[in-house]
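Trainee: I would like to go through this model with you. Can we take cavities and aromatic rings in turn?

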Amino acid sequence: MPAFHALDVSVIISTYRQPEWLAKVLWGFSVQTYADFEVVVADDGSGHDTRQVVEAFRDEVGLSIRHVWHEDRGFRKCRILNKAIVSSAHDYLVFTDGDCIPARSFLEWHVRLAEPDRFLSGGYVKLPMDLSRQITQDDVVSGRATDRGWLRARGVPARKLWKLTRSGIMGATLDLLSPTGATWNGHNASAWRRHVLAANGFDERMKYGGEDREFGERLENMGVRGKRIRHRAACVHLEHPRGYVDSGHQAENDEIRRQTRKLGIQRTSYGIDP
């Protein structure tokens, strides 16, 4: 890996009523090769079982972790993310979801590849539900859950597993050749705190569907360009039901994004500072 300057990192993990999945994700962060970080769990209204998971990782595992919660009033991920941003302590922010187990070098790559006036756009490998359920704490801690060979032996197609390459040179080459845009992906992205605050965080009008991309489009409008790290900083996505999806909100979200692009909006009026 290339040389790098260490950063203090805040990892912001969004979650909603998936304590079993969240525990697997937190086990992944407990064995990172990069250790200078805190975790902020952005909880969009889960029950007491999620709080118990967070407290166990704080008290028994020793993760530096805080739980930012508000009551369940429907999909309000953008609002709880903004609260978590305010609660976070450090200058570099890594965002992911409570259903995405990070590879052990996940944070190290985010730190090594951080640049001024850039945000990082990572990727994931989607797992089927049966395999998502089968993954154990030991599978995560040992690194098997994000190992290409182990996943291939359990039926994940080889064509999906290139993001889990262990070669930095190969990963950089694949990122260079990838036709996929360097968009803001809520499951795997990072940025400097000053840029996140300049954009005023996430637009709280937005429901599920494009809310992450809209945030990235505002960063791009202010000159903070995306950088692909899909094949270096990777995670595996655990399957789950999506009861919060409401297709009725998609047109509203699309219109907000259209205005952001058309008008070159950099800072939302519906974010951290209203």
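Trainee: How many cavities of 30 Å³ or more does the structure hold?

Mentor: This is a predicted model, where local features need pLDDT of at least 70, side-chain atom pairs count only at pLDDT 80 or more, and totals for chains, interfaces and linings use all residues. Residues are numbered from 1 along each chain as its sequence is written, and side-chain values use heavy atoms, without hydrogens and water. A cavity is a set of points, on a 1 Å grid over the protein atoms alone, where a 1.4 Å probe fits but cannot get out. At 30 Å³ or more, the structure holds one.

Trainee: How much space lies in the largest cavity?

Mentor: Grid points are joined across faces, edges and corners, and the volume is the space filled by probe spheres set on them. For the largest cavity that gives about 30 Å³.

Trainee: Which element gives the largest share of the lining of the largest cavity?

Mentor: Lining residues have an atom within 4 Å of a point. Among them are F95, T96, D97, W184 and F202. Helices (H or I, at least four residues) and strands (E, at least two) are DSSP runs, numbered from the N terminus. Two elements, α3 (77-87) and β4 (92-97), give two or more residues, and the largest share, three residues, comes from β4.

Trainee: Which residues form one aromatic cluster with W184 and F202?

Mentor: Rings of Phe, Tyr and Trp (its six-membered ring) pair if their centres lie within 6.5 Å; planes under 30 degrees apart count as stacked, over 60 as edge-to-face, the rest as tilted. By this rule the count comes to ten aromatic pairs. The cluster joins W184 and F202 with F95, F119 and F215.

Trainee: What is the distance in sequence between the parts that F29 and F106 link?

Mentor: F29 and F106 are edge-to-face, 5.9 Å centre to centre with 85° between the planes. F29 is in helix α1 (residues 19-30) and F106 in helix α4 (residues 106-112). The two are 77 residues apart.

Trainee: Why does F106 count as buried?

Mentor: Buried means under 20% relative accessible area, exposed over 50%, partly exposed in between (1.4 Å probe, protein chains only). F29 is buried too, at 1%. F106 counts as buried because its relative accessibility is 0%.

Trainee: The charged end of which residue sits over the ring of W162?

Mentor: A charge sits over a ring if NZ of Lys or CZ of Arg is within 6 Å of the ring centre and within 35 degrees of the ring normal. Here the charged end lies 4.6 Å from the centre of the W162 ring, and the residue is R148.

Note on methods:
On a 1 Å grid over the protein atoms alone, a cavity is a set of points where a 1.4 Å probe fits but cannot get out, and a pocket is an open set with protein on both sides within 12 Å along at least five of seven lines; lining residues have an atom within 4 Å of a point.
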